[in-house]
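Colleague: I am new to this structure and would like a close look at a single part, the surroundings of the ligand. Please take me through that part carefully, and then through the helix packing that involves some of the residues found there.

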Amino acid sequence: MFWNKKKKDKGKGPKANLGLMIAELFGKTPSLDTFYNELEEMLITGDMGGSVAMGIVDELRERIMKDKIKDKETILKELRAIISGNLKTIRILPDHDKLNVFLVLGVNGVGKTTTIAKLAQYYKKQEGVKILFSAGDTFRAAAIDQLKIQGERTGNRVIAQKHGSDPGAVIYDSIASAKSHGEELILADTAGRMHNKSNLVNELKKIDKIVNSNLNGGQYRKILILDATTGQNGLQQAEVFNEAVHVDCIILTKYDATARGGLIVAINRKLNIPVAFVGHGEGLDDLSEFSPENYLDDLLALE
Ligand code: GDP
């Protein structure tokens, strides 16, 4: 488990420990008002974004006033309760004896291909399902090649067409092929050209329609990949993808590479999308189920 591993390896995971920073703040702030302002700054710096940080601090202020709280342990406990009220997780598992399509969404470079390989490894180990990769990012030749490489590396068949072909046709072929070859789970890559938003949205809507009309009772999930190092940009990406196809869950990648982790809080509070997994390295096993409790321990620990 990532969280345990992280404890041994201090180099991994979010390093900005809000708990410690808040404890320090207590030592030097002359008034509660200064404390609230500085706490808000801290939350913004930690990638929670302005409105979310303000909402959290307002709630905290109310609780502190109402219960006349003065000591930092209780304040931290209240802060933890406020943040945890919005943290959601979900287990995404393939249904057995059915065809499952997990559509993997996200802008270029967030770690889609790497995460597809990690998910394949995870589901093979945990569930023993047969998996097919679908190379739906036909816009970039390199994306097709990369998925083929990951397919070889993880021992999974890949359905791909040539560069520039219709991604709708790729997913259609993949579903037909999995049905005839007996794969139970399709992990489908998609294009992520964020700068061409209307094309991206139209393409995703088309793919969504094809999956819905060809799956015949199987499980269909839309998984958005977000890069933890992109901060508030991640929130905007989530808004766009969610509007296009209604995202079921998020996988946050590169958690090992950031000192912050507040994006999860922002997304949960603003968009109400649960986080399923966290990616914390480039290796195939560097993927863990998201645990709100462990996340909060990391974020607010006093050591
Ligand atoms: P894609 O364009 O979305 O398919 O992104 P890739 O899967 O090609 O990943 C982009 C880069 O991010 C690659 O160098 C990956 O090795 C790296 N990467 C992906 N996930 C993680 C992660 O959890 N931690 C770290 N440190 N790097 C990652």
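Modeller: In this predicted model, a backbone N or O atom of His280 lies 3.5 Å from an oxygen atom of the ligand, and a backbone N or O atom of Gly279 is found 3.4 Å from a ligand oxygen atom. A side chain takes part as well, since an N or O atom in the side chain of Lys118 is placed 3.3 Å from an oxygen atom of the ligand. Around the ligand there are 17 residues, of which Gly109, Lys112, Thr113, Thr114 and Glu282 come nearest.

Thr113 and Thr114 also belong to helix α6, where, together with Ile116, Ala117, Gln121 and Lys124, they meet Gln146, Leu147, Gln150 and Thr154 of helix α7. Sorted by character, the residues of this contact between α6 and α7 comprise three nonpolar, six polar and one charged. Helix α6 covers residues 112-127 and helix α7 covers residues 141-154, and the two pack with their axes 9 Å apart at an angle of about 25°. Because angles under 35 degrees count as roughly parallel, α6 and α7 are described as roughly parallel to each other, and their crossing is right-handed.

Methods:
Residues numbered from 1 in each chain as written. Predicted model: local features only at pLDDT ≥ 70, side-chain atom pairs only at ≥ 80, totals over all residues. Heavy atoms only, no water. Near = heavy atom within 4 Å. Polar contact = N/O pair within 3.5 Å; in protein donor to acceptor, adjacent residues only side chain to side chain. Axes fitted to C-alpha atoms, helices over the stretch in contact; angles between N-to-C directions. Helix = DSSP H or I, 4+ residues; strand = E, 2+ residues; numbered from the N terminus. Parallel < 35°, antiparallel > 145°, perpendicular 65-115°, else oblique. Left-handed = near helix turned anticlockwise from the far one by under 90°. Contact = heavy atoms within 4.5 Å. Nonpolar A, V, L, I, M, F, W, Y, C, P; charged D, E, K, R; others polar.
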